[in-house]
Amino acid sequence: MGDRVVIIGAGQAAAQLALSLRQGKFSGSICVFGDEPHQPYQRPPLSKKFLSESAAPESLFLRPANYWREQGVDIGVGIRVERVDRSRQRVVLADGGEAEFDHLILATGTRARELRVPGMALKGVFSLRRIDDVLRLRVALDDARRIVIVGGGYIGLEVAAVMRAAARDVVILEAEDRVLKRVTSPVVADYFDALHRRRGVDVRTGTGLAAIEGEARVTAVRLADGARLPADLVLVAVGARANDELATAAGLECADGIVVDAFAKTIDPTIFAVGDCTRLPSRRYGRRVRLECVQNAIDHAKAVAASILGHPESYDPVPWFWSDQYDVKLQMAGLGEGYAEALVVGDAPAGKFSVEYRSGDRLIAVDAINDGRAYMSGRRRIAQETEAIVSPGNA
Ligand SMILES: Cc1cc2nc3c(=O)[nH]c(=O)nc-3n(C[C@H](O)[C@H](O)[C@H](O)COP(=O)(O)OP(=O)(O)OC[C@H]3O[C@@H](n4cnc5c(N)ncnc54)[C@H](O)[C@@H]3O)c2cc1C
């Protein structure tokens with residue numbers, strides 16, 4: 001086992017990998033480089049509680065700074081890796097410094113997808129991915145009454161819920177014909193659409209954004225049909241794309257995500273990639289997937305640690321995810337894309353129900369609304385029933 005591990009990115013996956021290596025008695029050096037000015041932290045609260053509270057960044061840290069020191073994990077924050085030199089097994093840092101590796105792990109995550117419309121650079125236009133985005137947003141919210149959220153995905157809807165709790169006027173613009181279109185079925189999307197409307201959000205589906213307007217700062221948005229809506233603050237939440245440029249430049253295969261095998265290895269035996277930035281083979285679902293969830297960041301990192309520690313395990317998860325909006329908890333397990341049948345179980349009008357997605361005779365995904373029990377049992381059943389399609393040929 002080579003004894004120098006370098007991890008690029010200091011997010012959820014990087015932290016878990018360092019922890020798992022030390023828990024597995026890895027005695028070599030572990031060096032983590034992260035371009036944000038913070039210790040590794042959890043992102044989910046950014047669009048939920050942390051946005052509305054005045055809590056300090058430290059409250060999101062996965063471990064206190066002294067913990068990493070005690071574990072002999074060298075976390076370099078505010079340090080961007082500019083290049084991977086595969087032939088010399090080194091990474092090159094923004095300040096020109098270099099670090100040598102025996103195992104390199106790319107844990108570079110994703111960044112907010114940008115919209116190509118005029119006005120994106122105006123003051124008062126935000127995306128939400130990092131602690132520092134929230135710190136700036138909190139300040140801007142002090143004098144913002146009319147909020148326009150572009151994108152009706154999880155982050156957009158979660159932020160809408162926080163904004164309504166703070167009595168702001170909120171409009172959601174969704175280009176598709178329903179919210180959450182990419183990730184769930186019409187029945188669940190309709191439930192959340194109605195929930196937000198009941199709470200006073202102006203949800204506009206099938207509505208494209210043409211431009212963001214203002215002199216120095218945003219004052220309005222112009223819609224594709226020419227209508228104008230006044231706005232003090234615009235949040236663009238239209239998805240994320242993988243930070244895979246370093247890998248591409250290093251000659252590693254990428255396809256909106258760094259392509260890895262079932263052991264999180266790239267085509268270079270010394271280089272792994274982990275978490276949101278990867279495109280990994282799912283034998284359960286018979287395709288390559290890019291997952292954006294904490295479960296994947298953690299479990300994928302554990303799989304990489306196992307490989308480095310010399311007992312590789314193939315990784316093929318049932319992914320799971322959650323979202324909190326107002327007092328509603330959505331928990332999702334599996335991947336529902338391509339389902340043939342959606343079965344509603346429980347009391348939908350009362351707001352406690354689940355939707356089971358089936359393909360043939362298999363349960364492939366479940367969405368549970370305020371129903372933790374349905375979620376847990378669904379997750380178990382998906383694991384059993386999708387295992388049946390695992391075969392060496394379909395990765
Ligand atoms: C607002 C928000 C809410 C979310 N809510 C949920 C939720 O409710 N449930 C859930 O399961 N998941 C949620 N997620 C997703 C979850 O946070 C991610 O899946 C998880 O953080 C992925 O971990 P990661 O380590 O792969 O990437 P990240 O946590 O994104 O970390 C990657 C890090 O690498 C850094 N980096 C990139 N390139 C370089 C470079 N060249 N040099 C140095 N550093 C670099 C990045 O800046 C970043 O700090 C949410 C995400 C966001 C943004």
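1. Thr386 is buried, and its relative accessible area is 0%. This residue of the predicted model therefore falls under the 20% limit below which a residue is called buried. Thr386 belongs to helix α9, which covers residues 372–387.

2. The surroundings of Thr386 deserve a closer reading. Its side chain comes to 2.7 Å from the backbone oxygen of Ile382. When neighbours within four places in sequence are set aside, Thr386 touches Arg284, Tyr285, Arg362, Leu363 and Ile364. The helix residue thus has contacts with parts of the chain more than four places away in sequence.

3. The next topic is the ligand and its shell. Which residues are the closest to the ligand? They are Asp35, Glu36, Lys48, Arg130 and Asp276, in a surrounding set of 34 residues. By character, the shell residues divide into 16 nonpolar, nine polar and nine charged.

4. Individual atom pairs between ligand and protein can be inspected in turn. In the side chain of Arg130, an N or O atom is 2.7 Å from an oxygen atom of the ligand. The side chain of Arg43 likewise places an N or O atom 2.8 Å from a ligand oxygen. For Trp322 the partner is a polar backbone atom, which lies 3.0 Å from an oxygen atom of the ligand. Taken alone, the ligand exposes 1,000 Å², and the protein buries 97% of that area.

5. The shell can also be described by the elements that build it. Those giving two or more residues are the helices α1 (12–23) and α8 (294–308), together with the strands β2 (29–34) and β22 (320–325). At the level of domains, at least three shell residues come from each of domain 1 (4–111 + 241–308) and domain 2 (114–238).

6. Two loop residues should be checked for their backbone angles. Ala167 has a phi near 60°, a positive value in a residue that is not glycine. Ala167 sits in the loop that joins α5 (154–165) to β11 (169–174). Is Ala167 buried or partly exposed? With a relative accessibility of 43%, Ala167 counts as partly exposed.

7. Asp256 is the other residue to examine. Its phi is positive, at about 40°, although Asp256 is not a glycine. The loop that holds Asp256 runs between α7 (245–249) and β18 (258–259). Asp256 counts as partly exposed because its relative accessibility is 29%, a value in the range between the 20% and 50% limits.

Terms used:
Residues numbered from 1 in each chain as written. Predicted model: local features only at pLDDT ≥ 70, side-chain atom pairs only at ≥ 80, totals over all residues. Heavy atoms only, no water. Helix = DSSP H or I, 4+ residues; strand = E, 2+ residues; numbered from the N terminus. Buried < 20%, exposed > 50% of the residue type's maximum accessible area, 1.4 Å probe, protein only. Polar contact = N/O pair within 3.5 Å; in protein donor to acceptor, adjacent residues only side chain to side chain. Contact = heavy atoms within 4.5 Å. Near = heavy atom within 4 Å. Areas by Shrake-Rupley, 256 points an atom, 1.4 Å probe, with all protein chains shown as cover. Nonpolar A, V, L, I, M, F, W, Y, C, P; charged D, E, K, R; others polar. Domains from an automatic or database assignment.
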